[in-house]
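The following exercises are to be worked with the sequence and the model side by side. Each task is followed by a solution in steps.

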Amino acid sequence: MKKSVSPVSCFSLPEMFERSNTRYHGRMFITRISMIFLLISILSVLSWFLILSSTNPNRVLDHKSVSGPSDSPVIIIRSSEKSPQGNAESPHPKNRGEGKTEEVKETLQCIQKVSPPPPRPLKVYMYDMSPEFHFGLLGWKPERNGVVWPDIRVNVPHHPGGLNLQHSVEYWLTLDLLFSELPEDTRISRAAIRVKNYTEADVVFVPFFSSLSYNRFSKVNQKQKQSRDRELQDKVVKFVTAQEEWKHSGGKDHVIMAHHPNSMSTARHKLYPAMFVVADFGRYSPRVANVDKDIVAPYKHLVPSYANDTSGFDSRPVLLYFQGAIYRKAGGFVRQELYYLLKEEKDVHFSFGSVQNHGISKAGEGMRSSKFCLNIAGDTPSSNRLFDAIASHCIPVIISDDIELPYEDVLNYNEFCIFVRASDALKKGFLLGLVRSIGREEWNKMWRRLKEVERYFDFRFPGKDDDGDYGVQMIWKAVARKAPLVKMKVHRFQRFTRPFLI
């Protein structure tokens with residue numbers, strides 16, 4: 001009987017492995033071809049889908065950012081009103097009816113407007129200093145011991161008018177911080193709030209009315225060895241430098257008001273690590289005050305704001321206006337030279353003026369009837385005249401080579417001011433030639449922009465949400481923009497302050 005032989009046994013072991021490998025590689029080859037084919041098919045389908053989508057006239061999206069009252073963006077989706085053949089109409093009435101239906105369905109659609117949360121306000125820690133440093137200078141007296149601040153819900157201490165008012169930024173900032181603590185302050189977009197805990201604060205505010213102190217008490221009478229203003233400066237230095245908050249930061253996060261050019265004349269040299277709020281840097285050394293460290297704040301304009309201004313290029317007959325002190329100290333020689341150049345020009349008003357004999361109201365009337373108003377450097381690079389011109393909607397012509405301006409990091413003054421170098425202004429015919437070259441269209445553009453920005457230089461109390469950004473809010477925001485740099489300076493100051501006992 002013959003033995004049955006298995007088919008497998010007909011092959012040797014190497015042959016079996018060879019056949020097995022051949023089958024395996026064949027299957028792998030087929031699988032790779034299938035995967036490549038599947039990938040090509042998917043890409044083809046996607047390509048056709050994208051082509052069809054892009055040629056569908058009812059799927060054209062027009063995204064636009066629209067500024068609303070709160071300046072938050074609204075995304076508008078606008079459907080195309082054109083057919084694939086441009087403006088050609090469909091020849092079939094049925095198609096035209098469908099097109100109208102589609103137009104009704106796909107007319108302008110607005111995604112629901114969602115207002116972004118308001119920016120975080122600057123957190124300010126304010127010292128509870130004696131009234132003699134702030135509202136006491138205005139004659140306010142607390143009703144009982146231990147009371148530091150007036151109840152501004154009942155009585156807001158009055159600030160004197162006249163020239164004292166132009167450097168009153170200290171008064172408005174302090175009122176704003178006090179108001180931020182009250183339940184009556186319902187503003188959503190507050191620029192700054194007062195906090196009671198120093199560790200929560202971005203900056204520390206020193207409520208010393210230094211400009212008012214200088215204006216009222218800088219003169220020494222016969223019974224005094226030094227002025228009361230000097231005594232208050234010494235007390236401020238002693239008080240502030242003794243505080244733990246000052247020691248913790250070296251004073252680098254403190255905000256001190258020194259708006260009048262002569263205010264803080266001695267204290268500034270001891271408190272210079274702090275951030276000063278100034279009018280300009282004309283009487284400061286760069287080590288004490290500079291544009292990188294400190295805040296330039298506007299003067300409080302003295303002429304009234306020009307409400308409902310409907311004047312125009314043709315209704316302002318005076319081309320160029322200046323009224324004020326003409327003969328100044330060394331820095332103001334340009335005024336005198338320009339007076340001799342321009343005094344005989346028929347459409348130029350250039351004359352001496354002061355606050356006496358209704359000088360402020362006369363200046364306001366003159367500015368409102370003028371196209372351009374001169375702002376010339378005097379004893380210092382800046383003057384209140386610039387902000388009076390802005391309030392009067394008279395295009396400022398600034399002749400002050402060293403002037404620094406409020407909020408210039410976010411506000412372009414070239415849109416509503418003209419800048420002239422002093423050396424050019426003194427060339428015969430240059431200044432008048434420049435302003436006469438500005439025609440009605442360009443002037444109207446600058447005039448409209450002037451009316452848009454005038455509120456940035458206006459001070460008011462109390463503030464309201466619908467007021468927008470007025471002077472106080474703009475100053476706090478300027479401080480807030482320096483807060484990151486302040487934080488870095490504080491951290492550097494603290495590098496080697498860790499206590500260590502040997």
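**Exercise 1. The nonpolar cores**

Task: State how many residues the largest nonpolar core has and which residues have the most contacts inside it.

Solution. Step 1: The largest nonpolar core has 113 residues. A nonpolar core is here a set of buried Ala, Val, Leu, Ile, Met, Phe, Trp, Tyr and Cys residues joined through side-chain atoms within 4.5 Å. Buried means under 20% relative accessible area, exposed over 50%, and partly exposed in between, with a 1.4 Å probe and protein chains only.

Step 2: The residues with the most contacts inside this core are Leu320, Phe350, Phe372, Leu374, Val397, Ile399 and Trp476.

Step 3: Take Phe350 and list its neighbours, leaving aside residues up to four places away in sequence. Phe350 touches Phe322, Ile326, Arg335, Leu338, Tyr339, Leu342, Leu374 and Ile376, where a contact means heavy atoms within 4.5 Å.

Step 4: A second core, separate from the largest, consists of 6 residues, among them Tyr321, Ala363, Met367 and Cys394.

The model is predicted: local features need pLDDT of at least 70, side-chain atom pairs count only at pLDDT 80 or more, and totals for chains, interfaces and linings use all residues. Residues are numbered from 1 along each chain as its sequence is written, and side-chain values use heavy atoms, with hydrogens and water left out.

**Exercise 2. The parallel sheet**

Task: Give the strand order of the open sheet formed by 5 strands, and name its edge strands.

Solution. Step 1: The order is 11-10-12-13-14, with parallel pairing. Helices (H or I, at least four residues) and strands (E, at least two) are DSSP runs numbered from the N terminus, and two strands pair if DSSP finds at least two bridges between them.

Step 2: Strand 11 (348–352) and strand 14 (418–419) are the edge strands, each pairing on one side only.

Step 3: Follow the pairings. Strand 10 (residues 318–324) is joined to strand 11 by 5 bridges, and Gln323 stands opposite Ser351 of strand 11. Strand 10 is also joined to strand 12, by 3 bridges; Val318 has Ser370 of strand 12 as its bridge partner.

Step 4: Between strand 12 and strand 13 there are 5 bridges, and Cys373 stands opposite Pro396 of strand 13. The chain passes from strand 12 through helix 9 (residues 385–391) to strand 13 in a right-handed β-α-β crossover. Right-handed means that, with the strands pointing away from the viewer, the path from the first strand over the helix to the second runs clockwise.

**Exercise 3. Helices across the sheet**

Task: Identify the strands that helix 8 and helix 12 lie across.

Solution. Step 1: Helix 8 (residues 359–368) lies across strand 10 and strand 12 (370–376), at about 165° to strand 10. Axes are lines fitted to C-alpha atoms, for helices over the stretch in contact, and angles run from 0 to 180 degrees between N-to-C directions.

Step 2: Helix 12 (residues 440–453) lies across strand 12, strand 13 (395–399) and strand 14, at about 95° to strand 13.

Step 3: Strand 12 is mostly covered, with 7 of its 7 residues buried.

**Exercise 4. A loop methionine**

Task: Is Met129 buried or exposed?

Solution. Step 1: Met129 is found in the loop between strand 4 (122–126) and helix 3 (169–179).

Step 2: Its relative accessibility is 1%, so Met129 counts as buried.

Step 3: Beyond residues up to four places away in sequence, Met129 touches His134, Val148, Trp149, Val206, Pro207, Val236 and Phe239. The C-alpha atoms of Met129 and Phe239 are separated by 8.7 Å, although these residues lie 110 residues apart along the chain.

**Exercise 5. Salt bridges**

Task: State how many salt bridges the structure holds, and describe the pair formed by Asp347 and Arg436.

Solution. Step 1: The structure holds 23 salt bridges, each being a side-chain nitrogen of Lys or Arg within 4 Å of a carboxyl oxygen of Asp or Glu.

Step 2: The side chains of Asp347 and Arg436 meet at 3.0 Å, N to O. The pair links distant parts of the chain, 89 residues apart: Asp347 is in the loop between helix 7 (333–342) and strand 11, and Arg436 is in helix 11 (residues 430–436).

Step 3: Asp347 is partly exposed at 22% relative accessibility, and Arg436 is partly exposed at 45%.
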